[in-house]
Amino acid sequence: MSQSPPKKYRKTVNGKTASQENSNGHDHEMATNGAEEIDESLYSRQLYVLGADAMKKMSKSSVLIAGLGPCGVEAAKNIILGGVKKVTLWDNQNASWFDMGAHYYMKEADVTSSQNRAACSFQQLKELNPYVSVEISDSPELTEAMITEHNVLLLTDTINVVGQDEEKLLALGDLCRACNTSVILAEAAGLAGRVFCDFGQNHTVVDKDGAEPKQVLISSVVRDGDSFTVSCHDEVRHELETGEFVSFTEIQGLEGLLNREFEIRVTGPFGFTIPADGITGEKSTTTGWLHQVKKPINLSFNTLRQEMTSPSDFVLTDFGKFERPATYHACFRALAKFQAEANDLPKPHDEADATKFINLVNGIHGSELDGAEKEAAKKFAFTARAKLQPVSSAIGAIAAQEAVKAVSGKFSPIKQWWYVCLQECLPSTPVTDAKVADNRYASQIAAFGQGFQDKMLKQKWFLVGSGAIGCELLKNFAMMGLGNLIVTDMDTIERSNLNRQFLFRSWDVGKHKAQAAAEVVMRMNPDMKVEAQNNRVGEDSQDIYNDEFMESLDGVANALDNVDARLYMDRRCVYYGKPLLESGTLGTMGNTQIVVPRVTESYGSSRDPPEKSIPICTLKNFPNAIEHCLQWARDNFEGLFTGQAGSAKQYLSDPADFVAKTEKLPGNEPITTAQGVVDFLIDQKPNDFNDCIEWARHRFEENYVTTILQLLHNFPPDQKTSTGAPFWSGPKRCPKALKFDPADATHRDYVVAAAYLRAENYSIAPTKMSNDELAKFAAGVKVAEFKPKQVKIATTDAEAKAEAEAGGGFDGDQLNNLFAKLPSDASKVAELNSQIVPADFEKDDDSNRHIDFIVACSNLRAANYGIEPADRSKSKRIAGRIIPAIATTTALVAGLISAELYKIVNGIDDIEKYRNTFMNLAIPAFSFSEPMAPPKNTYLGDQHWTLWDRFDIDGRKENGGEMTIGELLDHFKNDRKLEVQMLSSGVTLLYSFFLNPPKKKQDRLAMTVSEAVKTVGKKEIGAHERYLVLDVCCNDLTEAEEDQDVPYVRYRFR
């Protein structure tokens, strides 16, 4: 048993600390009463999704989970990670081989000893979150008292837990309604699943989608009869809907417009109308801002009894299966009837049982199924006995998210049935070797057959990343019996990971993720072999993940958090012809993409549009949103504490190399770079902590006083444009200079953080003083009185670019003079080098003052421009570029993409069987769609190729030699009927038809291909490389000599 770490105190949202030892003997930081305080170091990513109010409601709520089979344990895991107050586990069923295939906390001994399923799960679920009280009930049945004391009953595996009599299930639903307890059904049967919600007659949704309230710049508000037409500035889309509410700020000329809320009627993407009641005036005289006002929504749910017999609208997932939810609704009901009559579930892939089952379905459905729906019911019966990990993962994730909605009022709940069909996972030919087995793979053998499971156990895959999605994929792969896996991840475990990356515990903090995760999943399934590595995937690790490695794989699964690494692995999979499982999340939104060689397009075939960047002039002089201020603050941090210190460190590490590289910089950068180092090491170098405080005070004056006064000198508040319009209008907000006030908390926070960070840059020990004393000292620092300068300030990015280009080169003498000021004595340089410490921005360490500086720096900028400031949490998210994340979305995308693995192992090559998915659990919305096929290209009239094709040419000769460029060209001419005009490797042109003089051309043709790459391209070929990638421009051999669009060449030279 791992030893727990010593007790630590953690910062919570309200700044307090707390610690409490829980009953299992481990020291954990507990929130007072489990309600009012939120541990931000644990929940930070989830806080950005749910918000503090929702999480406080969750911390006072309790959930009863009945049925701890695969769906139940998945839901319990996600709910406990989410941070409710209490989860009670109850089950009346014992562990079985069919459970074990998708129950990662169940062991073989639990099955052979008939252990209760709740007991199998209890200890490990309890370890997931020290803030959640996890209890197990030994009551023989679900009682009214148990239901009454919980906010939610989450019911799974109803046929076994409640019984085959549907009336018992409906009566339980009635009891929950009478007890004012929300009820959620979450069930899976083979490749089918469903979720049902009843949150009572009066459920309040406080935030329907979780999105930030929209804020849009408004150019005009004009009377139009009994309404006003509101137009967005510069054709910016408002993205609002009719019936939503808005308020306005800063708009002048209309009395009664401000300090009110209006219901809108949308007229187009850039405008809408509001009622004119209570507003006097005809037209606004200034621009201003629209603010979306989110209103609570009251929802009324039907009871389970009403919905079972007369279901209302289903939440659709796959628009190619409009009738499937109704079919599955009848199938799930028929399953209970079948078991009641046969005292068993339909046998795997048994035609006779399937026929009996379909007859029951027809009776419930009210009409005879035919076509695709009859086939769907048949396959439902074939696989109903199986409990499959991907399906359980998806159903458990959605059920857990609905439980969060029930207790918090956050997001729109499912109303009221959600069904999913994954029957495309079945092979195209009948399964003839399905059976009831007594081992951990019983469910998959029943669904897909023994041969399939044998093949799965021989699979070898590469998992890139073992974070949130990586943990879920590892768990899924272990339960599915994927035999061999290599997982790599450079990162180590941090405390903020524990809220989503469920394979890790508090005592794992600091360990490498891949190693820790591998150890856990190999305990979940001892048959699985996992090799853990800590390598980054990229060009620099191609000697590790080389041809031999990649060719040995059956596929790759990405669990990455950046697009560049995803694109790199995508290119590698295309090159080696390997399938790729791709998935990602952003808060409640998630997506999956399946990439199959020669069947689908690649991940890189379609790209999201790039994020809209903030114009330089907006950042520098004309911010109008807190995001602009935060980006400016982040740039400020990098410039003051990272960039200059880093340049100085580079100089001190190797002065000659630094000088040489600086001289080669473009434009005026050599001067600015050298001047920055001179300032840092000579002119502004502090001697003690007091100097650091003075420096911080001068930075305040420069950023929030002098720069603003200079801007107002150039553009006074009453400035007009060339057209006579006010200069300070629209997105340009007129600023005001600040005056340093040591009593102002934000002013104080700025100089405190800046002074300490400056001291850390120089390894200066700070003087012992309080923050108030430091601020008072700063207030006594003399600062120069502002004197305006004759400088030009660019008002557009085009002007800024023109000014930069006009700057030209630099004065060599001036640069040499700057370098002459820098220390050159070897001992002095070495001493300084040991002292300089550039700051490495770290958002999750509250003790390093990095976020302290960002928050103060940004909010002071906001005060300059009259922008609403941001609290610490929002500032940290935006400046730290934190991706909001919750466990439920992660588990859902991992489950859905894991289902695609079934299809790959089954050898399915029909693109119509594969599914890409997009979902937003907040709305909720789900979209399953076929992948896109790769675009086809053609050469020589009838030769077709896609991105998966290439010319494979083996340049090795029997005598141990290698093909020359001339021989390669002959190969194309004789064997492929193509005349090569140009041959290149990367950016190096190896051959062209216009190569002169003739002697040079002949010499080049006589070179071997690899020799040409090395000598002409000056490229070292690694010892691990066996292939070269070549590009060719070709003509056909006809008189017309038409250009041909051909694939690339993979050329083997050793």
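**Exercise 1. A sheet and its strands**

Task: Which residue in E13 is the bridge partner of Asp224, and what is the strand order of the open sheet of seven strands?

Solution:
- Step 1. Look across from Asp224: its bridge partner in E13 is Ser227. Keep in mind that you are looking at a predicted model.
- Step 2. Widen the view to the two strands. Strand E12 covers residues 215–224 and strand E13 covers residues 227–232; they pair in the antiparallel sense over six bridges.
- Step 3. Now trace the open sheet of seven strands. The order reads E15-E14-E18-E12-E13-E17-E16, and the pairing is antiparallel.
- Step 4. Finish at the edges. Strand E15 (262–263) and strand E16 (265–268) each pair on one side only.

**Exercise 2. An annotated cysteine**

Task: Where does Cys617 lie, and is Cys617 buried or exposed?

Solution:
- Step 1. Start with the record: an unreviewed UniProt entry lists Cys617 under "active site". Such annotations may be inferred rather than shown by experiment.
- Step 2. Locate the residue. Cys617 belongs to helix H21, which spans residues 616–620.
- Step 3. Check the accessibility. Buried means under 20% relative accessible area. Cys617 has 6% relative accessibility, so it counts as buried.
- Step 4. List the neighbours. Leaving out residues up to four places away in sequence, Cys617 touches Phe622, Ala794, Thr795, Thr796, Asp797 and Ala800.

**Exercise 3. Looking for disulfides**

Task: How many disulfides does the structure hold, and why is there no bond from Cys197 to the closest cysteine sulfur?

Solution:
- Step 1. Recall the cut-off: a disulfide needs two cysteine sulfur atoms within 2.5 Å.
- Step 2. Try Cys197. The closest cysteine sulfur belongs to Cys176 and is 12 Å away, so it is too far for a bond.
- Step 3. Try Cys425. Here the closest cysteine sulfur is in Cys421, at 9.0 Å, which is again too far for a bond.
- Step 4. Give the count: the structure holds zero disulfides.
- Step 5. Add the surroundings. Cys197 is buried at 0% relative accessibility, and Cys425 is buried with a relative accessible area of 0%.

**Exercise 4. Rings that pair**

Task: How many aromatic pairs does the structure hold, and which parts of the chain do Phe332 and Tyr419 link?

Solution:
- Step 1. Take the total: there are 43 aromatic pairs.
- Step 2. Pick out Phe332 and Tyr419. Their ring centres are 6.0 Å apart, with 45 degrees between the planes, and the pair is tilted.
- Step 3. Place both residues. Phe332 is in helix H11 (residues 324–342) and Tyr419 is in strand E21 (residues 417–421); the two are 87 residues apart, and their pair links distant parts of the chain. Both Phe332 and Tyr419 are buried.
- Step 4. Set another pair beside this one. Tyr545 and Phe549 are tilted too, at 5.0 Å centre to centre and 55 degrees between the planes. Tyr545 is buried at 4% relative accessibility, and Phe549 is buried at 13%.
- Step 5. Look for a bigger group. Ring pairs join a cluster whose members include Trp632, Phe637, Trp695, Tyr750 and Phe853.

**Exercise 5. An arginine in a loop**

Task: What does the charged end of Arg849 sit over, and is Arg849 buried, partly exposed or exposed?

Solution:
- Step 1. Find Arg849 in the loop between helix H30 (826–835) and helix H31 (850–865).
- Step 2. Follow the side chain. Its charged end sits over the ring of Tyr756, 3.8 Å from the ring centre.
- Step 3. Turn to the backbone. Phi of Arg849 is near 70 degrees, a positive value in a residue other than glycine.
- Step 4. Check the accessibility: with a relative accessible area of 23%, Arg849 is partly exposed.
- Step 5. Compare with Asn343, in the loop between H11 and helix H12 (351–365). Phi of Asn343 is also positive, near 55 degrees, while at 70% relative accessibility Asn343 counts as exposed.

**Exercise 6. Cis peptide bonds**

Task: Where is Pro924 placed, and where is Pro997 placed?

Solution:
- Step 1. The bond from Ile923 to Pro924 is cis, with omega near -10 degrees. Pro924 is in the loop between strand E28 (916–920) and strand E29 (925–929).
- Step 2. The bond from Asn996 to Pro997 is cis, with omega near -5 degrees. Pro997 is in the loop between strand E34 (988–992) and helix H35 (998–1006).

Note on methods: Residues are numbered from 1 along each chain as its sequence is written. This is a predicted model: local features need pLDDT of at least 70, side-chain atom pairs count only at pLDDT 80 or more; totals for chains, interfaces and linings use all residues. Side-chain values use heavy atoms; hydrogens and water are left out. Helices (H or I, at least four residues) and strands (E, at least two) are DSSP runs, numbered from the N terminus. Buried means under 20% relative accessible area, exposed over 50%, partly exposed in between (1.4 Å probe, protein chains only). Contact means heavy atoms within 4.5 Å. Rings of Phe, Tyr and Trp (its six-membered ring) pair if their centres lie within 6.5 Å; planes under 30 degrees apart count as stacked, over 60 as edge-to-face and the rest as tilted. A charge sits over a ring if NZ of Lys or CZ of Arg is within 6 Å of the ring centre and within 35 degrees of the ring normal. Two strands pair if DSSP finds at least two bridges between them.
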